[in-house]
Amino acid sequence: MDGFLPTFIRRTQTPPTFGEFTRDRPSSKMGIPERVVVPLQDTHDTPCDIMVQEGESVRLGQKIGLMGKPPVSVCAHASTSGKVDRVGPLPHPLGFLAQSVSILSDGKDDLDDLTPLNPKKIGDDKSRLFEAFREMGIPLNYELLYGRGFKVSSLLVNATEFEPYITSKHHMIKERGQDLVGGLRVLIGACSASQAVIVVEKRQSSLVNILRSATKEVPEITIKTVLRPYPETAANLLTQKLSLAKSNHSKSVHAGDPMSVDLSSLLAINNACFLGVPFVEQLVTVAGSGIKDPQNVWVKTGVPLLHIINHAGGSPSRLGRVTLGGPLMGIPQQSLEVPLIKRAKGLFAATAFLFDEHRESRFYKRTPCIKCAKCVDACPASIIPNAIADYVDNELLGDAEQWGIFRCVECGLCEYVCPSRIPLLEIMRLGKVLLKGEESLLARINLKTLGW
Amino acid sequence: MAVVLVSLIILGGIGLLCGIALAIASRVFAVKLDPRIEIIEKALPGANCGGCGFPSCHAYAQNMVEGGAEPNRCVLCDAEAVGKISNVLGKAAATIEKKIAAIKCYGGSTAVKSFDYGGIPSCRAASLYSGGDKLCSYSCLGFGDCVEACPFSALSRSGREAPIVSRDRCTGCGNCVAVCPKNVIVLIPRKASIHIACNSKEKGKVVRQVCEVGCISCNRCIKKCPESALSMQDNRVCIDYSKCTSCGLCIEECPRKIIKDINPREEASRAVNQ
């Protein structure tokens, strides 16, 4: 982890935020890219339906495919206008070949005929409203919504920045606070929720003010502050912390559990309802030691990571490690040709990740556990990572499950604080895969990392 | 003197009482174990490798007597032991063909890497990140999960090269096949001498880019084979061992030298003579 290389062996219990690189800089907008690649699969076995053919010309916002099984499938849209030059399996950031549509841009960004969807016109038929959301390509937890008959008692929006370097949520609220609240209002109406909670960190006091003034007329929305940030995967921990619902550690979903919603989805709902634009653009933070100009960028979905890095002044030849997401939980990328996917919050590019001649990290050489229990103190899910890692290492998977391996939210704090440099996060992921015994879990784990 | 006598009587008495109690208990609470199970278990090798599909030799023996499992599932037993077991059970069983593990990739360090992997040195962990650091997605990752899983220490490896199977030690129990995340290890008949050491389903052009030794699907071996034992499925050469006569023509024909003679000739001829 770049910037995390220990100068001294002792490190603090909480990672530094490094937010100062990007937090106060204005966000920029990336120009029309040469090419976009729109993947239509989340895992290698997700069904998909491609609606365009090679050689066809598409316009911005045109529907090009369907992702997922019919009741919960989400539309994918062309994020630029141009010609489809390739349809077929292309590399996906989650590390498999996904059915994708590659569009060579004509540099014009011709808009498709768009009609704003009006929730009032659609009326009381909730299934039609959510169908319209799916048509607009807005990622929401449709499985939960369809399962509960479109009724969710409370909504949870996690606006805390857990990842170091990444400040895209901060920027999104600062720039588009009104729109986010507008989107949330529509969603509250759509799933007849009685309350919606936006969680921000206590130190982000400016955001609290922005949100308070934006939500003055909406009694359902409350702003809550927490002392430390929570990762997207830890929605149930946050629920517990705020006492929103009786949540226990079991994997089953309770009827009273709140539905967690992503900030980018709220913005997409707002855009769909008032402008008629589908989900084709998102805000990502580009930061790390390999980036000359760390900043927040509005990028079209599907732009290859290389373009984003070039936009921020990074030179790809010097990069040692690029992760989609932040340095703690992000997904390491093997190629910069992979496209940006929906809900990715940031791109972290570091210059060096040092190896010695045996291809082992010089700084992160694993040594035996000294039972200092720093990981236990750092774990937000209150499990004992070192004990579970021991079980997984010795293939005692039943014990690992009993000690709560599935309560792990994969935040990576245990690995960060470990003075023995034990790759605890990797061991946890491995243990989960070995317990489930399926390959496709890989993609799902990584999706969870993005808060899917 | 009295102390000694008293303590002797007390202790002796306790011992006697306990002995009687145990003797009664062993009669009353006796678990009737089929004597055949014990005999069969003695005939089994006792390695608890799991190759038969049961967790231990005892479990297999029990299942043979009570659950009707076939007596020929042990990968270690020779014909004599299987004969002994089928005598006890009273049902005839053909001995199964002995198998041996073979690794369908020997790219090793020549396979092109797509990135530097710095995580846990385990194939299953490495395959979680973009399917491992080899550009060929069918390649052996070489961290040796199979070496660790082998109960007979039949596999050995050096560095990131593909492991080597020891013919003397491998029993074909299949533990290595189960742990391999890339499905590179296959069980082939022990008698077979031809082994095709490439797992790739890619077309020749792609294989050339990612590996110096991979199969390029040139079909020359298939044309050469007099018994038509070889066939191409998904750009991968498959061999039908029931047709193969180990003539070795395909080994000479292969331009990439991926068809290997894994069985030394002397052993093969010995098998034929027997």
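Confidence, burial and contacts in a predicted two-chain model

Modeller: In this predicted model, chain B averages a pLDDT (the predictor's confidence in each residue, from 0 to 100) of 86, and 96% of its residues score at least 70. Local features need pLDDT of at least 70 and side-chain atom pairs count only at pLDDT 80 or more, whereas totals for chains, interfaces and linings use all residues. Residues are numbered from 1 along each chain as its sequence is written, and chains are lettered from A in the order in which they are written.

Colleague: Which elements of chain B have the lowest and the highest mean pLDDT?

Modeller: Among the elements of chain B, helix H11 (residues 265–273) has the lowest mean, 52, and helix H1 (residues 2–28) the highest, 95; helices here are DSSP runs (H or I, at least four residues) and strands likewise (E, at least two), numbered from the N terminus.

Colleague: Why does Ile341(A) count as buried?

Modeller: A residue is buried if 20 or more other C-beta atoms, placed from the backbone, lie within 10 Å of its own, exposed if 12 or fewer, and partly exposed in between; Ile341(A) has 23 C-beta neighbours inside 10 Å and therefore counts as buried. Its place is in the loop between strand E16 (331–332) and strand E17 (346–350) of chain A.

Colleague: With which residues is Ile341(A) in contact, leaving aside its neighbours within four places in sequence?

Modeller: They are Pro39(A) and Pro93(A), where contact requires that the C-beta atoms of two residues, placed from the backbone, lie within 7 Å.

Colleague: What makes the buried residues of H2(A) line one face of the helix?

Modeller: The buried residues of helix H2 (residues 126–135) of chain A are Leu129(A), Phe130(A), Phe133(A) and Arg134(A). Seen down the axis of H2(A), they fall within an arc of 145 degrees, so they line one face; the arc is that of the directions from the helix axis to the C-beta atoms. An α-helix has 3.6 residues a turn, so residues three or four places apart point the same way. What covers the buried residues of H2(A) includes helix H4 (168–190) and helix H7 (263–274) of chain A.

Colleague: How many residues does each chain bring to the contact between chains?

Modeller: The contact takes 17 residues from chain A and 13 residues from chain B, and the largest share of the chain A side, six residues, comes from helix H13 (residues 424–436) of chain A. For the complex, the predictor gives an ipTM of 0.78 and a pTM of 0.82.
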